[in-house]
Amino acid sequence: MACSAVVNLQLSKMMRTAWDAVRRALASVVEALIGAVAAPSVTWNRMTAGTDEPAVPLSVNYHFTRQCNYSCGFCFHTAKTSFVLPLDVAKRGLTMLAEAGMKKLNFSGGEPFIRDGGRFMGELIKYCKTELSWADISISIVSNGSLIQEKWMKQYGEHVDILAVSCDSFNADTNRTIGRRQGARTDHVAKLYKVREWCGQHKIAFKINTVVNTYNVNEMFAEHIERLRPVRWKVFQCLLLEGENAGEGALRDAARFYVTDEQFDGFLRRHAGVRMLVPENNDAMRDSYLILDEYMRFLNCRNGKKEPSASLLDVGVKDALRGSGFDEQAFLERGGVYMWSKQQLSNAELEW
Ligand code: SF4
């Protein structure tokens, strides 16, 4: 890893200690605000602060596969295994999460459409919306978009609330440099527009995720974003995680992609007029996501790397959560609860 990136990582750790204190002080104010603006159908379950009671797994990110057809140089959930649970076991785990209070399930990867052309994920989505309908779970997906087929949208689209497609540039050369491609002929941007069209037809809220890095930090996105009209444009700062894209045992070295807080803020300032922009820097990201891996273990990122808990399939959701490192206050502060169901978005008269 380049020296500057190591120094930035260490500085970031020191800053986090101070930031944690500020977070706690702000927590009560934020919770009051959340109470006022949270989506109406979400019953908010407060963590019992100061006790050992784990948080309710309200919003879970299920990375059921680490396999991907792209090779982004900064990827921080890399193909370290090819393991995927059998479908019936994955359904059992999702039932346990629903019983524990899960209200939003986000499928991610790797690339979630890589398994059986999306059928594995499609069947899990259908299961959540039919067999677990009592739990009223909203479904979202984060995909690179390249493997999504119209047939899949016709078969499963009605069950999907939000579909996010990753896009780090509207310039083909930049996408090639980043590794956001499969083979020479990939046209990532054309596929992004196609998926946007399908989302409109199937009444799926469309979202775009962008990772700001060395190669796109000076690019302008506004025109395309306004044209694509995502409900949210989530803009992340490139994150270094030991064992994934930095340091020992990593499959990537993302040091050359890293941007400083100042560079990231500069990108945000230049896009401040884009109303769908939802920024997320490294501090906001870390610990504020419940990440479930391919074995249904929560991944604890507190030490700057992903350390797995026991699998919830073996010890139950509550005990697995104790090893998750999840910071519920940080989740609230980054706006983790928002309008995430089709129903709420329809009521808000979303123009699909
Ligand atoms: S598309 Fe996503 S999962 Fe695949 S290599 Fe890129 S960042 Fe990683």
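Where is the place of Gln 344? In this predicted model, Gln 344 sits in helix 13, which spans residues 342-347. Gln 344 is partly exposed because 18 C-beta neighbours lie inside 10 Å, and a residue must have 20 or more to count as buried. In sequence, Gln 344 and Asp 161 are 183 residues apart, while in space their C-alpha atoms are 9.9 Å apart.

**Overall make-up**

The protein contains 13 helices and 10 strands. It has 352 residues, of which 42% count as buried. Among the contacts in the protein with a separation of 6 or more, 76% are between residues 24 or more positions apart.

In soluble globular proteins, nonpolar side chains tend to be buried together. The largest nonpolar core here has 84 residues. The residues with the most contacts inside this core are Phe 74, Met 102, Leu 105, Leu 163, Val 212, Cys 238 and Ala 254. Leaving out residues up to four places away in sequence, Leu 105 touches Val 60, Tyr 62, Cys 128, Ile 137 and Ile 139.

**Helix 2 and helix 3**

Two packed helices are described by the angle between their axes and the distance between the axes. Helix 2 covers residues 87-99 and helix 3 covers residues 119-130; their axes come within 10 Å and cross at roughly 35°. The crossing is right-handed. On the helix 2 side, the residues in contact are Leu 87, Ala 90, Lys 91 and Leu 94. They meet Phe 120, Glu 123, Leu 124, Tyr 127 and Cys 128 in helix 3. By class, this contact has 7 nonpolar residues, 2 charged residues and no polar ones. Cys 128 of helix 3 is also one of the residues that Leu 105 touches.

**Around the ligand**

Which residues are around the ligand? They are Cys 68, Tyr 70, Ser 71, Cys 72, Cys 75, His 77, Gly 109, Gly 110, Glu 111, Asn 144 and Ser 166. This shell divides into 4 nonpolar, 6 polar and 1 charged.

Two of the residues around the ligand, Gly 109 and Gly 110, are joined by a cis peptide bond with omega about 15°. Gly 110 is found in the loop between strand 2 (104-108) and helix 3.

**Backbone exceptions**

Most residues other than glycine have a negative phi, and most peptide bonds are trans. Besides the cis bond between Gly 109 and Gly 110, Asp 136 and Asp 287 have a positive phi without being glycine. Asp 136 lies in the loop between helix 3 and strand 3 (138-143), and Asp 287 in the loop between helix 9 (282-285) and strand 8 (290-292).

| Residue | Phi | C-beta neighbours within 10 Å | Burial |
|---|---|---|---|
| Asp 136 | near 55° | 16 C-beta atoms | partly exposed |
| Asp 287 | about 70° | 21 C-beta atoms | buried |

Why is Asp 287 counted as buried? Asp 287 has 21 C-beta neighbours inside 10 Å, and 20 or more are needed, so it counts as buried. Asp 136 is partly exposed because its 16 other C-beta atoms within 10 Å fall in between the limits of 12 or fewer for exposed and 20 or more for buried.

**Ile 148**

Ile 148 lies in the loop between strand 3 and helix 4 (150-156). Ile 148 is buried, with 23 other C-beta atoms within 10 Å. Not counting residues up to four places away in sequence, Ile 148 touches Phe 113, Ser 143 and Val 195. Ile 148 and Pro 112 are 36 residues apart along the chain, and their C-alpha atoms are separated by 9.6 Å.

Methods
Residues are numbered from 1 along each chain as its sequence is written. This is a predicted model: local features need pLDDT of at least 70, side-chain atom pairs count only at pLDDT 80 or more; totals for chains, interfaces and linings use all residues. Axes are lines fitted to C-alpha atoms, for helices over the stretch in contact, and angles run from 0 to 180 degrees between N-to-C directions. Helices (H or I, at least four residues) and strands (E, at least two) are DSSP runs, numbered from the N terminus. A crossing is left-handed if the near helix is turned anticlockwise from the far one by less than a right angle, and right-handed if clockwise. Two residues are in contact if their C-beta atoms, placed from the backbone, lie within 7 Å. Ala, Val, Leu, Ile, Met, Phe, Trp, Tyr, Cys and Pro count as nonpolar, Asp, Glu, Lys and Arg as charged, and the others, Gly among them, as polar. A residue is near a molecule or strand if its C-beta atom, placed from the backbone, lies within 6 Å of it. A nonpolar core is a set of buried Ala, Val, Leu, Ile, Met, Phe, Trp, Tyr and Cys residues joined through C-beta atoms within 7 Å.
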